[in-house]
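The exercises that follow ask you to read side-chain environments from a single structure and to check each step against the coordinates. Please work through each task on your own before turning to its solution.

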Amino acid sequence: MKTMSNARNALLAGIVGSAIALPSLAVEVVTQEDFVNGVIKKEQLVRVADNAIFLLDTSSSMNGDLKGTETPKIQAVSNELKRRNSYFPDVGINMGLYTYTTWQQIAPVVPYDRAKIAAALDTVPAKGSGPTPLKYGLEKLEDVLKPLKGRTAVFLFSDGEYTGGSPAEVAKRLASTYDVCFYVISTASPNKETTLKQDVASLNACSRLIPLADFINRPDYTSGALFDVRVTEHVVTTTDKKIVGLKVDDINFANNETELSAKDKSELDELSVYLKANPKAYAVIAGYTDNSGSRDHNEGLSRSRAEMVASYLKTKDGIDDSRLVLFWYGPDNPIVANDTPENMAKNRRVEVNVGGL
């Protein structure tokens, strides 16, 4: 594990141009400042989705204030999406925006254009109204998905309420028919969120539920769903928000295994001490696999590995869910070619990085 001084030395070395060999790193804490200041180039990013669809809830239930603020949830979502659009990198993703309460195309799925997305977001209602026909919205979504090629990340905003019948079977059909990952951004009550989380987890290995507050507080959830930092690149930040003191060494796993070794637990204990001492800090945890087996199997396996690391930090050391941002990429973005047993073992890993100061 790197220490605070080692991380800062690496940062300074990168700034002054000293030729220091830096370790391979895929999972990064990517900040708005890094994009605005040109620290991160699109050549340093590897796309993990080809299309992004934002399916917004503009029903009356979105008029309640976001917890801990005096801002209605509908406005909080719109404001945050506008902010992220102001610096989102053009890495060749197609993007579209829709509402499903009622169904309306705000922007069609076309190659990303910052100005057009900004103009579309300006048309999102400031106040929600009406019911939540989610099933109908998903049925309409199928028409959007049919012509798309590659993987699609659907950011679906939901309060767990719906009218017009259960959307579960439609969502399962879309997930099985098209290459879709559902990122369900939840404003549901605790009881409904538990059920919603189970429903989303049953769709496929790449779908997940994210509480709205976490989605807004951790921009990583958007960037990490759409691109990863190329493992052969090292991004040197211009702020302390990314390199803040330590990075856990890669946690490697035996073939098809998820168990942590004693050494892994010792490293995670050090990470826990750091997180407890720095309550504004958070950890980004990403699981990877080698390329043996099916894509869905590997995504599920990399998910289990990332969740194993998070579970250890939560169960043993009491780190809150909101401070652990998880991703799982299966065989994408390998450290080395999967051409020998030794190299495949290197790719079976979880990477952890820290940000937030």
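## Exercise 1: The surroundings of a serine

Leaving aside its neighbours within four places in sequence, Ser 302 is in contact with Gly 287, Tyr 288, Thr 289, Trp 328, Tyr 329 and Gly 330. The model is a predicted one, and the values below are computed from it.

**Task.** Establish in which helix Ser 302 lies, whether it is buried or exposed, and which backbone atoms lie 3.0 Å from a polar atom of its side chain.

**Solution.** Begin with the secondary structure: Ser 302 belongs to helix H11, which spans residues 295-317. Next take the accessibility, where the cut-off for buried is under 20% relative accessible area; Ser 302 has 0% and therefore counts as buried. Finally, look for polar partners of the side chain. The backbone oxygen of Glu 299 lies 3.0 Å from a polar atom of the Ser 302 side chain, and the backbone nitrogen of Gly 330 is likewise found 3.0 Å from a polar atom of that side chain. Gly 330 is also one of the residues in contact with Ser 302.

## Exercise 2: A salt bridge within a helix, and two others

**Task.** Identify the residue with which Glu 299 forms a salt bridge, and work out which residues are joined with Glu 299 into one network.

**Solution.** Glu 299 forms a salt bridge with Arg 295, and the closest N and O atoms of this pair are 3.4 Å apart. Both residues lie in helix H11, where they are four residues apart, about one turn of the helix. Their accessibilities can then be set side by side: Glu 299 counts as buried at 5% relative accessibility, while Arg 295, with a relative accessible area of 40%, is partly exposed. Salt bridges that share partners join Arg 151, Asp 179, Arg 295 and Glu 299 into one network.

A search of the whole structure finds 15 salt bridges. Among them is the one between Lys 316 and Asp 269, whose side chains meet at 3.5 Å, N to O. Because Lys 316 lies in helix H11 and Asp 269 in helix H10 (residues 262-277), this pair ties together parts that are 47 residues apart in sequence. Asp 269 counts as partly exposed, at 25% relative accessibility. Another salt bridge is formed by Asp 50 and Arg 47, with the closest N and O atoms 3.1 Å apart; here Asp 50 is partly exposed at 24%, and Arg 47 is partly exposed at 38%.

## Exercise 3: Aromatic pairs and charges over rings

**Task.** Decide whether the rings of Phe 54 and Phe 155 are stacked or edge-to-face, and then do so for Phe 88 and Tyr 112.

**Solution.** The structure holds 12 aromatic pairs. For Phe 54 and Phe 155, the ring centres are 4.7 Å apart and the planes stand at 10°, so the pair is stacked. The pair links distant parts of the chain, with Phe 54 in strand E2 (residues 51-56) and Phe 155 in strand E5 (residues 152-158), 101 residues apart. Phe 54 counts as buried at 6% relative accessibility, and Phe 155 counts as buried at 0%.

For Phe 88 and Tyr 112, the centres are 5.1 Å apart and the planes at 70°, so this pair is edge-to-face. Phe 88 counts as buried at 8%, as does Tyr 112 at 9%. Ring pairs link these two with Phe 35, Tyr 87 and Phe 227 into a cluster.

Rings also meet charged side chains: the charged end of Arg 218 sits over the ring of Tyr 282, 4.2 Å from its centre, and Arg 349 lies over the face of Tyr 288, at 3.8 Å from the ring centre.

## Exercise 4: The disulfide

**Task.** Find which cysteine is joined to Cys 181, and determine whether the link is left-handed or right-handed.

**Solution.** The count comes to one disulfide, which joins Cys 181 to Cys 206 with an S to S distance of 2.1 Å. The angle about the S-S bond is -105°, and the link is left-handed. Cys 181 lies in strand E6 (residues 180-186) and Cys 206 in the loop between helix H7 (190-201) and strand E7 (208-211), so the pair ties together parts that are 25 residues apart in sequence. To finish, check the accessibility: Cys 181 and Cys 206 are both buried.

Technical notes
Residues are numbered from 1 along each chain as its sequence is written. This is a predicted model: local features need pLDDT of at least 70, side-chain atom pairs count only at pLDDT 80 or more; totals for chains, interfaces and linings use all residues. Side-chain values use heavy atoms; hydrogens and water are left out. Helices (H or I, at least four residues) and strands (E, at least two) are DSSP runs, numbered from the N terminus. Buried means under 20% relative accessible area, exposed over 50%, partly exposed in between (1.4 Å probe, protein chains only). A polar contact is a pair of N or O atoms within 3.5 Å; within protein, one must be able to donate a hydrogen and the other to accept it, and residues adjacent in sequence count only if both atoms are side-chain atoms. Contact means heavy atoms within 4.5 Å. Rings of Phe, Tyr and Trp (its six-membered ring) pair if their centres lie within 6.5 Å; planes under 30 degrees apart count as stacked, over 60 as edge-to-face and the rest as tilted. A charge sits over a ring if NZ of Lys or CZ of Arg is within 6 Å of the ring centre and within 35 degrees of the ring normal. A disulfide is a pair of cysteine sulfur atoms within 2.5 Å. A salt bridge is a side-chain nitrogen of Lys or Arg within 4 Å of a carboxyl oxygen of Asp or Glu.
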